[in-house]
Amino acid sequence: MTNKIVTLVTGGNRGMGLALIKALHAQGQQLIMGSRDLAKGRAAVEVAHLSDVTVVQLDVTDSQSIQAAVNTIQNQYGQLDILINNAGAAFDHHQRPSLINISSMMGSLTNALDPQSSVYHASAIGYQASKAALNMFTIQLAKELQTTNITVNAVDPGMVATEFGGITPELASQHGAKSIAHGIQRTIDLATDTDNTTTGTFSNTDGPVAW
Ligand SMILES: NC(=O)c1ccc[n+]([C@@H]2O[C@H](COP(=O)([O-])OP(=O)(O)OC[C@H]3O[C@@H](n4cnc5c(N)ncnc54)[C@H](OP(=O)(O)O)[C@@H]3O)[C@@H](O)[C@H]2O)c1
């Protein structure tokens with residue numbers, strides 16, 4: 001058990017997940033890194049000198065892996081205050097319950113239909129459909145939980161220079177992707193908002209994003 005806010009970041013071994021872990025760790029939260037490859041997660045923690053970050057094996061498409069991670073967190077901390085669904089999945093709550101789904105502008109139905117939008121010409125059908133589904137999950141769960149103190153929000157990081165999609169961060173930058181620090185800022189704002197009253201929103205660093 002700990003008095004700190006306990007935060008799990010899925011897909012935490014690299015990219016924005018790892019950056020979120022570093023940033024929230026620096027804010028005094030107790031971080032749990034979900035990594036589908038335990039060795040990769042442990043290596044990431046070692047390189048980043050984050051010895052007090054707990055690494056759990058967590059493949060968000062594998063229900064056994066999810067249940068084992070829940071058990072580990074339950075046994076070790078007895079609580080989970082913030083879940084950042086950087087890779088996917090759904091968990092539970094305690095004193096400061098907050099679920100943050102890392103979505104994307106690419107999942108916005110409104111922007112997909114707007115010829116003026118930067119994503120109007122995008123055609124990653126599977127990815128866009130998965131983020132649109134994540135957005136609907138966010139809306140419905142936020143409504144279902146509106147009489148509780150559990151908040152549920154979706155965040156658009158923008159186009160960020162990571163290895164996402166199998167390219168290099170350098171190439172992504174050349175195509176206009178922004179820094180990881182910029183990409184995680186809205187998530188950090190939500191995860192460190194002590195009021196924890198914002199719920200049912202889809203937003204980025206510029207403000208609300210159309211669903
Ligand atoms: N980069 C962008 O421009 C951008 C824009 C909008 C939204 N996003 C969203 O931001 C989130 C993070 O992306 P990123 O840019 O940081 O990408 P990244 O560098 O490719 O990192 C993705 C992370 O997700 C993990 N992952 C993938 N499938 C998983 C699974 N089934 N179970 C558990 N972990 C899994 C990866 O693990 P392995 O190391 O094992 O592969 C890795 O740790 C994603 O949800 C993405 O859709 C990114």
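Biologist: S98, I100, T151, N153, L190, D193, N196 and T198 are given as the lining of the largest cavity. What makes a residue part of a lining?

Modeller: The search runs on a 1 Å grid over the protein atoms alone, and a lining residue has an atom within 4 Å of a point of the space. S98, I100, T151, N153, L190, D193, N196 and T198 meet that cut-off, so they line the largest cavity. This is a predicted model, in which local features need pLDDT of at least 70 and side-chain atom pairs pLDDT 80 or more, while totals for chains, interfaces and linings use all residues. Residues are numbered from 1 along each chain as its sequence is written, and side-chain values use heavy atoms, without hydrogens or water.

Biologist: Which elements and residue classes make up that lining?

Modeller: β5 (98-102) and β6 (151-155), both DSSP strands (E runs of at least two residues; helices are H or I runs of at least four), give two or more residues each to the lining of the largest cavity. By class, this lining has 2 nonpolar, 5 polar and 1 charged residues.

Biologist: Why is the space called a cavity, and how many are there?

Modeller: A cavity is a set of points where a 1.4 Å probe fits but cannot get out. The whole structure holds 2 cavities of 30 Å³ or more. The largest cavity has about 30 Å³ of space, and about 30 Å³ is also the value for the second largest cavity.

Biologist: What lines the second largest cavity?

Modeller: Its lining is M16, L20, N86, I102, P157, G183, I184 and T187. α7 (180-191) gives the most, with 3 residues, and α1 also supplies at least two. This lining has 5 nonpolar, 3 polar and no charged residues. Gly counts as polar, so G183 is among the polar ones.

Biologist: What makes the largest pocket a pocket?

Modeller: A pocket is an open set of points with protein on both sides within 12 Å along at least five of seven lines. The largest pocket holds about 1400 Å³ of space. Its lining has 49 residues, with M16, Y127, K131, T162 and F164 nearest the centre. α1, β2 (30-35) and α5 each give two or more of the lining residues, and α5 gives the most, with 4.

Biologist: How do you know where the ligand sits?

Modeller: A molecule sits in a pocket if more than half of its atoms lie within 2 Å of the grid points. By that test the ligand takes the space of the largest pocket. α1 (15-26) and α5 (125-144) give two or more residues each to the shell around the ligand.

Biologist: What puts a residue in that shell?

Modeller: A heavy atom within 4 Å of the ligand. The shell has 25 residues, and R14, N86, Y127, V160 and T162 are the closest. By class it has 10 nonpolar, 9 polar and 6 charged residues.

Biologist: Why are R36, K40 and V160 called polar contacts of the ligand?

Modeller: A polar contact is a pair of N or O atoms within 3.5 Å. A polar side-chain atom lies 2.9 Å from a ligand oxygen in R36 and 3.2 Å from a ligand oxygen in K40. For V160, a polar backbone atom is 2.7 Å from a ligand oxygen. These distances are within the cut-off, so the pairs count as polar contacts. The protein buries 89% of the 920 Å² that the ligand exposes when taken alone, by the Shrake-Rupley method with a 1.4 Å probe.

Methods. A polar contact is a pair of N or O atoms within 3.5 Å; within protein, one must be able to donate a hydrogen and the other to accept it, and residues adjacent in sequence count only if both atoms are side-chain atoms. Grid points are joined across faces, edges and corners, and a volume is the space filled by probe spheres set on the points.
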